[in-house]
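Me: I'm new to reading protein models. Could you walk me through this one, a feature at a time?

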Amino acid sequence: MKHIINKKWVTGGEVDIDFYELLNLTREYVKKGSKIFIGSDSFIYKKKVCFATAICLHGGQNGGRYFFYKETLPDFKYSHLVARITEETTRSVEIACLLMDEYGINPRDIELHLDVSPFNTNNATSKYSDMLKGYVKGFGVDYRLKPDAWASQTVADKHSK
């Protein structure tokens, strides 16, 4: 999980930010009663897949900010939808675990946004929603699915393309 710290983190305004500075801002938001929202998305193009993961700070009187990193990899490992959305979820879980285990953020202050549809819908990702919900629940954090998963569906999606 430490590799997350070494990623090239960027603000929503496209300015590089040190992970430790991002962490300090995150702690301040939580101290003021706000939650941390984490979401990941991916996009396949030209035999590559781009993963983008966002940490969003939103709530209360604190306004909102977000930070993200993205990574482009060969698509052969992620050619199947289940592999890709599981990787998206894993990337979000890793950040949540890092924040909880290394930096003492309470799991109640974190919400993961999964880019999957609920099981009762007939979308491509819906058949995997129960599996991914169970995976996230095991870490003790809250989650949201489409259409309420704005951190993945909107913020991370914007930067995965």
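Me: How much surface does the protein expose, and what share of it do carbon and sulfur atoms supply?

Reply: This is a predicted model, so keep in mind that every value here is computed from it. The protein exposes about 8,200 Å², and 50% of that comes from carbon and sulfur atoms. On the other side of the coin, 48% of the 161 residues count as buried.

Me: What are the spans of the C-alpha trace along its principal axes?

Reply: The trace spans about 40 × 35 × 25 Å.

Me: Okay, and which helices and strands should I look for, in what order?

Reply: Start by counting: you should find four helices and six strands. Then follow the chain from the N terminus, and the elements run β-α-β-β-β-α-β-α-β-α. The radius of gyration is 15 Å, close to the 15 Å that the globule rule gives for 161 residues, so the protein is as compact as a globular protein of that length.

Me: What share of the contacts joins residues that sit 24 or more positions apart?

Reply: Take the contacts with a separation of 6 or more: residues 24 or more positions apart account for 65% of them.

Me: Let's go inside. Which residues of the largest nonpolar core touch the most other members?

Reply: To read a core, look for buried nonpolar residues joined through their side chains. The largest one here has 35 residues, and Trp9, Ile36, Ile38, Ile110 and Leu112 touch the most other members. Several elements each supply at least two residues, including helix 1 (19-31), strand 2 (35-45) and strand 5 (110-113). Helix 2 gives the most, with eight residues. Want to zoom in on one member? Leaving aside neighbours within four places in sequence, Leu112 is in contact with residues including Ile38, Val93, Ala96, Val136 and Tyr143. Apart from this core lies another of nine residues, among them Val10, Phe37, Ala54 and Tyr66.

Me: Now the rings. How many aromatic pairs are there?

Reply: For rings, check two things: how far apart the centres are and the angle between the planes. The count comes to eight aromatic pairs. In one of them, Trp9 and Tyr69 are 5.0 Å centre to centre with 70 degrees between the planes, an edge-to-face pair. This pair links distant parts of the chain: Trp9 is in the segment before strand 1 (10-11), while Tyr69 is in strand 4, 60 residues apart.

Me: Is Trp9 buried or exposed?

Reply: Trp9 is buried, with a relative accessible area of 1%, and Tyr69 is buried at 1% as well. Compare Tyr135 and Phe139: their ring centres are 5.5 Å apart and their planes at 80 degrees, so that pair is edge-to-face. Tyr135 is partly exposed at 30% relative accessibility, and Phe139 is partly exposed at 32%. One more thing to find is the aromatic cluster formed by Trp9, Phe19, Tyr20 and Tyr69.

Me: Last one: where is Ser152 found, and why does it count as buried?

Reply: Look in helix 4 (residues 150-160). Ser152 counts as buried because its relative accessibility is 0%, and the cut-off for buried is under 20%. A polar atom of the Ser152 side chain lies 3.1 Å from the backbone oxygen of Ala149. Leaving aside neighbours within four places in sequence, Ser152 is in contact with Gly39, Ser40, Asp41, His113, Leu114, Asp115 and Asp157.

Note on methods. Residues numbered from 1 in each chain as written. Heavy atoms only, no water. Buried < 20%, exposed > 50% of the residue type's maximum accessible area, 1.4 Å probe, protein only. Polar contact = N/O pair within 3.5 Å; in protein donor to acceptor, adjacent residues only side chain to side chain. Contact = heavy atoms within 4.5 Å. Core = buried A, V, L, I, M, F, W, Y, C linked by side-chain atoms within 4.5 Å. Rg over C-alpha atoms; globule rule 2.2 N^0.38 Å. Areas by Shrake-Rupley, 256 points an atom, 1.4 Å probe, with all protein chains shown as cover. Phe/Tyr/Trp six-rings, centres within 6.5 Å; stacked < 30°, edge-to-face > 60°.
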